[in-house]
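Please find below a short note prepared for a colleague who is beginning to read protein structures. The points are numbered and may be followed alongside the display.

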Amino acid sequence: HNNMAFAQVAAGYEDCPSWAPFLGFFGAAMCGILANFGAAWGTWKSGLGLCKMGVNHPGGMIKDLVAIIMAGVLGIYGLIVAIIIAGRITEPDNNAGYNTYSQYNGWAHVGAGLTCGLSCLAAGGTIGMIGETGVIATGLRAEGNMARMFRSMPGGKGGEDGDEDGGAAGVPDTTVVMGDENKLFVGMLIMLIFSEALALYGLIVALIVSQAQYSCGE
C-alpha cells in the first residue's frame with residue numbers, strides 16, 4: 001500500500017512539479033512583451049515617416065494614420081492571449097498537498113505565448129517598414145502633383161504676367177492627374193493588411209493551443 005501511494009505521488013510530481021506554473025507565467029509574460037515590442041516598433045517607424053511626410057503634405061496626416069493604428073492593434077492581440085493564459089494557471093491544492101497545474105498545460109501555454117508574441121513582433125517590424133516608406137512616398141507624390149499643377153504652361157504669349165520663357169505664370173497644368181497618390185496609398189494599405197494578417201494567424205494558433213488542458217488529481 002505504501003509503495004502504491006509513493007508511486008502515485010512520484011507520478012503526480014513528474015506530471016505536475018512545483019515549478020510548472022513558471023511555464024504558464026513565462027508564456028503569458030513573453031506574449032505580452034513581444035506583442036508590445038512589435039506594436040512599439042511598428043508605431044515608431046510609421047510615426048517617423050508620418051512626421052516627415054506631414055512637413056510638406058499635412059493634409060495626408062489623418063489618412064496615413066492607418067499604419068500606426070494597425071501597429072497598435074498588435075498589442076491588443078498579445079493582451080488577449082496573455083489574459084487567457086494567466087486565467088488558466090491554477091493554484092496548488094494545499095488540502096490535497098499537490099500541484100494542480102501540469103507540465104502539459106505549462107508547455108502548451110509557453111507555445112501559445114511565443115506563437116502570438118513572435119508573430120506580432122514580425123508583423124510590427126513589417127508594418128513599421130512599410131508604413132514609414134509608404135507614407136513618405138504618398139506625401140512626396142501628392143506634393144509633386146501640386147507643384148506641377150501650378151507650374152507655368154509652355155507656349156504662352158509672355159509679357160508682364162508671363163515668365164521669361166513665354167509661359168503663362170500661374171496657369172494650372174491640366175495634364176497632371178491630381179489624386180493619383182491614392183494609388184500609392186491603396187498599394188500601401190494592401191501590404192499593411194497582409195502584414196497584419198501575420199499576427200492574426202499567430203493569434204488564432206495561440207488561442208487553439210492555449211485550450212489544451214490537463215489537471216493533476218483528476
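1. Apart from its neighbours within four places in sequence, Ser-119 is in contact with Leu-114, Leu-198, Ala-199 and Gly-202. The model, it should be said at once, is a predicted one. Ser-119 lies in helix H4, which covers residues 103–149. Its relative accessibility is 18%, and Ser-119 therefore counts as buried, since the limit for that class is under 20%.

2. Helix H2 (residues 20–56) packs with helix H3 (residues 66–87). Two packed helices are described by the angle between their axes and the distance between the axes. Here the angle is about 175° and the axes are 8 Å apart. H2 is therefore roughly antiparallel to H3, because angles over 145 degrees are placed in that class. Sorted by class, the residues of this contact comprise 13 nonpolar and 12 polar ones, with no charged residues.

3. Thr-43 belongs to helix H2. With a relative accessibility of 33%, Thr-43 counts as partly exposed. Its contacts, leaving aside neighbours within four places in sequence, are Ile-68, Ala-71 and Gly-72. The C-alpha atom of Thr-43 is 8.7 Å from that of Met-70, although 27 residues separate the two along the chain.

4. How many disulfides does a search of the whole structure find? The search finds zero. A disulfide is a covalent bond between the sulfur atoms of two cysteines. For Cys-31, the closest cysteine sulfur is that of Cys-116, at 3.8 Å, which is too far for a bond. The reasoning rests on a cut-off: the two sulfur atoms would have to be within 2.5 Å. Seen from the other side, the sulfur of Cys-116 likewise has that of Cys-31 as its closest cysteine sulfur. Cys-31 is buried, with a relative accessible area of 0%, and Cys-116 is also buried, at 0%.

5. The largest nonpolar core has 26 residues, and those touching the most other members are Leu-74, Tyr-77, Val-81, Cys-116, Cys-120, Met-188 and Leu-192. Two or more residues of this core come from each of H2, H3, H4 and helix H5 (181–209). H3 gives the largest share, nine residues.

6. One of those core residues, Leu-192, merits a separate look. Once neighbours within four places in sequence are set aside, Leu-192 is in contact with Val-66, Ala-67, Met-70, Ile-127, Ile-130 and Gly-131.

Key:
Residues numbered from 1 in each chain as written. Predicted model: local features only at pLDDT ≥ 70, side-chain atom pairs only at ≥ 80, totals over all residues. Heavy atoms only, no water. Axes fitted to C-alpha atoms, helices over the stretch in contact; angles between N-to-C directions. Helix = DSSP H or I, 4+ residues; strand = E, 2+ residues; numbered from the N terminus. Parallel < 35°, antiparallel > 145°, perpendicular 65-115°, else oblique. Nonpolar A, V, L, I, M, F, W, Y, C, P; charged D, E, K, R; others polar. Buried < 20%, exposed > 50% of the residue type's maximum accessible area, 1.4 Å probe, protein only. Contact = heavy atoms within 4.5 Å. Core = buried A, V, L, I, M, F, W, Y, C linked by side-chain atoms within 4.5 Å.
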